[in-house]
Amino acid sequence: MLAVNDVFAVYDGAITALEQVSLSIGPGSLVALLGPNGAGKTTLLKAIVGMLPFERGEVTAGDILFEGASVRGCHPAVVSRRGIALVQDGRQCFRELSIAENLRAASLVSRQGAADRFEMVLHYFPFLKEMLDRPAGVLSGGQLQMLVIGMAIMSKPKLLMLDEPSLGLSPVMVQSVFDVVERLHREAGLTVIVAEQTVPRLLKLATDVYVVSRGRIVMHAPPSEMTEERLQRIYLN
Ligand SMILES: Nc1ncnc2c1ncn2[C@@H]1O[C@H](COP(=O)(O)OP(=O)(O)OP(=O)(O)O)[C@@H](O)[C@H]1O
Ligand SMILES: [Mg+2]
C-alpha cells in the first residue's frame, strides 16, 4: 500500500533529517514507528503527505509510492484525496468553531459519503454526540485527540497516520485512544501508522515495528522481537 524508497529529506537546504529511509507497508497493517526525540518520525510522516515544503523542507532523493503511484512532490490536498490522512501532533483544529463544524470542515476533502462518515465518527466517539454544538476549545486534551482522529476519518482515509497521539495524556486516556485506534484498524479496516517514542500498549497492537534514529531506519522487526530494553538500548545510543 505504501512504499518509501531510499528517501532523503532536508530542511533549509542543509539540515539532513532523513537519510535513505525505506519502508514497506501492506494493507491492513498497524505499524509502530518508534524513535527518540529528533529521530525524524514527524519529518517522515510530513514527507509522505507532502507537507515539508511548508517548513522549508524538501524530499531530495528517493520516491514515495501509495497504491503503486508516486506521491512525491504532490500537494497535501492531493495526497489527502488519494486516501492518506495525517493526524499531526499538537491536535490542531478550529477551537472557536463547534465540534460539528470542525467535522464538517474536515469532510470538504471528500464530500461523498460524508453523512455516513459523520455517523461513523459518532459511533467511535459517542461522547461527541452530546457536545456537537459546543466549541472544540472546551474539550480536554484526550477528547481533543479523539476529535482530531474523527476529523481525519471525515477525509475518508485508507491509510491513517497518527503523530504521537499519546503526548501529554494520562495513562487511562492513552489506553482509550489506543483502544479506538485498534478498533479503527480491526473493524473499519484502516491501515494505520502510529509514531510514538515508546508506548507499551502500541507494541501489543502493532503488526510491524520500525525504529528510526538520527534520520535512519535502524530496525524493522515484528513486535514480538521488540522489547522495551532493546528500544532503550537503541535510544541511548
Ligand atoms: N521545521 C524544521 N526546520 C529545521 N529543522 C527541523 C524542522 N523540523 C524538524 N527539524 C529537525 O529534523 C530532525 C528530525 O525532527 P523530527 O521532528 O522529524 O523528529 P521526531 O522524531 O518527530 O522527534 P519528536 O519525538 O521530538 O517529535 C531534528 O534534528 C529536528 O531538529
Ligand atoms: Mg515528532
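In what follows, a strand is a DSSP run of E with at least two residues, and strands are numbered from the N terminus. With that in hand, a reader new to this predicted model can begin at its largest pocket, where S6 gives the most to the lining, with four residues. This pocket holds about 630 Å³ of space. Its lining counts 21 residues, and those nearest the centre are Leu-86, Val-87, Gln-88, Met-151 and Ala-152. At least two lining residues come from each of helix H2 (76-82), strand S6 (84-87), helix H3 (99-106) and helix H5 (141-154). By class, the lining of the largest pocket comprises 16 nonpolar and five polar residues, with no charged ones.

From the pocket, S6 leads into the sheet. Six strands make up this open sheet, in the order S6-S7-S8-S3-S9-S10, and their pairing is mixed. S6 and strand S10 (216-221) each have a single partner strand and stand at the edges, so one side of each is left without a neighbour in the sheet. From one strand to the next, the twist averages 20 degrees.

Following the sheet inward from S6, four bridges link S6 to S7 in a parallel arrangement, with Ile-84 opposite Leu-159 in S7. S7 is in turn paired with S8, again in the parallel sense, over five bridges; here Leu-159 stands opposite Thr-191 in S8. Strand S3 (residues 30-34) runs parallel to strand S9 (residues 208-213), and four bridges join the two. One of the partnerships there is that of Leu-34 with Val-211 in S9.

Two helices can be placed against these strands. Helix H6 (residues 171-186) packs on the sheet and touches S3, S7 and strand S8 (191-196), its direction making about 155 degrees with that of S8. H5, already met in the pocket lining, lies across S6 and strand S7 (159-163) and runs at about 165 degrees to S6.

S7 deserves a separate look. Five of its five residues are buried, so S7 is largely enclosed by the rest of the structure; buried here means under 20% relative accessible area. In a regular strand, side chains alternate between the two faces of the sheet. In S7, Leu-159, Met-161 and Asp-163 point one way, while Leu-160 and Leu-162 point the other way, and all are buried.

Another set of strands pairs in the antiparallel sense. Strand S1 (residues 2-11) and strand S4 (residues 57-66) are antiparallel partners over eight bridges, and Ala-9 stands opposite Val-59 in S4. S4 also pairs with strand S5 (residues 69-70), antiparallel and over two bridges, where Phe-66 faces Ala-69 in S5. The hairpin of S4 and S5 has two residues between the strands, and within this hairpin Glu-67 takes a positive phi near 50 degrees.

Finally, there is enclosed space to consider. The model has one cavity of 30 Å³ or more, and about 30 Å³ of space lies in the largest cavity. Its lining consists of Leu-23, Ile-25, Val-31, Leu-33, Leu-44, Leu-45, Ile-48, Ile-193 and Tyr-210. Strand S2 (15-25), S3 and helix H1 (41-49) are the elements that give two or more residues to this lining, and H1 gives the most, with three. The class count for the largest cavity is nine nonpolar residues, no polar and no charged.

Definitions and conventions: Residues numbered from 1 in each chain as written. Chains lettered and ligands numbered in written order. Predicted model: local features only at pLDDT ≥ 70, side-chain atom pairs only at ≥ 80, totals over all residues. Heavy atoms only, no water. 1 Å grid on protein atoms, 1.4 Å probe; cavity = no way out; pocket = protein on both sides within 12 Å on 5 of 7 lines; lining within 4 Å. Points joined across faces, edges and corners; volume = space filled by probe spheres on them. Nonpolar A, V, L, I, M, F, W, Y, C, P; charged D, E, K, R; others polar. Pairing = 2+ DSSP bridges. Axes fitted to C-alpha atoms, helices over the stretch in contact; angles between N-to-C directions. Contact = heavy atoms within 4.5 Å. Buried < 20%, exposed > 50% of the residue type's maximum accessible area, 1.4 Å probe, protein only.
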